[in-house]
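Here are my comments on the structure, set out point by point for a reader at the bench. Please read them alongside the sequence and the coordinates shown below.

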Amino acid sequence: MTARLQTRAISKHYDSVTALSPTDLDVMDGEFLTLLGPSGSGKTTLLQILAGLVEPSGGSLFINGKDATHTAAGERGIGMVFQSYALFPHLSVWENIAYPLRMRKMDKAAMTAAVRDALEMVQMGSYANRLPRELSGGQQQRIALARCFVYKPSVILLDEPLGALDKKLREHMQSEIRSLHKDLGATFIYVTHDQE
Ligand code: ADP
Ligand code: MG
């Protein structure tokens, strides 16, 4: 069976700083892989390389067995939820979540339904018209999750996505993420420093 994602000796350095030592990874289709490591161990760097946002210094990446080391981010079919949320500051919550659907030219009725479902999933239905700066950190993180899940990418990278949430909401989102994994049949890589 061919791995969905595979790295061979993939690495990254910034001048003299080693951000990621040579890493071999095999992630099978539909797998839910969790990577646990302390702050500074290269977790974010690895996800950025997989998503195509950072060019590796060495090694190779294969997607479905094909060399994708230099494939553009937009052509990889990989969604990422960033540690820093990365919401568009000038767009409302609704428009932030609709953005990936507009890029894919989804029709209006389907888009409205998909955005509504994504907002419900993260319990943010009444915040559709707010701007990101009018939300708490935890609320912004929920919108970042909704914006990734709304277009149902087949590979989803989650970079410490629950860090800013309080315990109750974190547990809710953990079970939401698990059931999304089941429903979507997508491949998930979940990165955390939280041993719990
Ligand atoms: P983690 O996500 O596990 O906390 P990172 O992948 O963010 O770790 O960082 C790994 C190491 O690489 C850290 O020492 C960090 O300071 C360094 N690093 C990450 N990005 C850069 C960058 N753009 N320039 C210089 N050093 C970086
Ligand atoms: Mg990180």
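**Notes on the ligand sites and their surroundings**

1. At 39% relative accessibility, Gln83 counts as partly exposed. The model is a predicted one, and that should be kept in mind for each of the points that follow. Gln83 is a useful place to begin, since through its OE1 atom it is one of the protein donors of the magnesium ion (ligand 2), the other being Thr44 through OG1, and the two lie 2.0 to 2.5 Å from the ion. Thr44 belongs to helix α1, whereas Gln83 sits in the loop between β6 (78-81) and α2 (93-103), so the pair ties together parts of the chain that are 39 residues apart in sequence.

2. Thr44 deserves a second look, as it also takes part in the other ligand site: a polar atom of the Thr44 side chain lies 2.8 Å from an oxygen atom of ligand 1. With a relative accessible area of 25%, Thr44 is partly exposed; the cut-off for calling a residue buried is under 20%, so Thr44 falls outside that class.

3. Which residues surround ligand 1? The shell consists of Tyr14, Val17 and Ala19, then Pro38, Ser39, Gly40, Ser41 and Gly42, and finally Lys43, Thr44 and Thr45. By character these residues divide into 4 nonpolar, 6 polar and 1 charged. Backbone atoms take part in the contacts as well, for a backbone N or O atom of Gly40 lies 2.7 Å from an oxygen atom of ligand 1, and a backbone N or O atom of Gly42 lies 3.0 Å from an oxygen atom of ligand 1. Taken alone, ligand 1 exposes 570 Å², and the protein buries 61% of that area. The elements giving two or more residues to the shell are β2 (17-27) and α1 (43-51), and α1 gives the most, with 3 residues.

4. Helix α1 is itself mostly covered, with 7 of its 9 residues buried. The buried residues are Lys43, Thr45, Leu46, Leu47, Ile49, Leu50 and Ala51, so that Lys43 and Thr45 appear both here and in the shell around ligand 1. Leu47, placed in this helix, is buried with a relative accessible area of 0%. Leu47 and Met80 are 33 residues apart in sequence, and their C-alpha atoms are 8.1 Å apart in space. The helix is followed by Gly52, whose phi is positive, near 90°.

5. Turning to the strands, how are the 4 strands of the open sheet ordered? The order is β2-β1-β4-β5, and the pairing is antiparallel. Strands β2 and β5 (66-67) stand at the edges with a single partner strand each, so one side of each is left without a neighbour in the sheet. Strand β1 (residues 5-14) pairs with β2 in the antiparallel sense over 7 bridges, and Tyr14 stands opposite Val17 in β2. Both Tyr14 and Val17 are also among the residues surrounding ligand 1.

6. Strand β3 (residues 32-36) shows side chains that alternate: Leu33 and Leu35 point to one face and are buried, while Phe32, Thr34 and Leu36 point to the other and are not. Such alternation between the two faces of the sheet belongs to a regular strand in general. In this model β3 pairs with strand β8 (residues 187-192) in the parallel sense over 5 bridges, and Phe32 stands opposite Phe188 in β8.

7. Two polar residues away from the points above also merit a check. Thr69, found in the loop between β5 and β6, counts as buried at 6% relative accessibility. The Thr69 side chain reaches the backbone nitrogen of Leu61 at 3.0 Å, and a polar contact of 2.6 Å joins the side chains of Thr69 and Asp67. Gln140, which lies in helix α4 (residues 137-149), is likewise buried, with a relative accessible area of 17%. A polar atom of the Gln140 side chain lies 3.2 Å from the backbone oxygen of Leu135.

Notes: Residues numbered from 1 in each chain as written. Chains lettered and ligands numbered in written order. Predicted model: local features only at pLDDT ≥ 70, side-chain atom pairs only at ≥ 80, totals over all residues. Heavy atoms only, no water. Near = heavy atom within 4 Å. Polar contact = N/O pair within 3.5 Å; in protein donor to acceptor, adjacent residues only side chain to side chain. Areas by Shrake-Rupley, 256 points an atom, 1.4 Å probe, with all protein chains shown as cover. Nonpolar A, V, L, I, M, F, W, Y, C, P; charged D, E, K, R; others polar. Donors = N, O, S within 2.8 Å, 3.2 Å for Na, K, Ca; no water. Buried < 20%, exposed > 50% of the residue type's maximum accessible area, 1.4 Å probe, protein only. Pairing = 2+ DSSP bridges.
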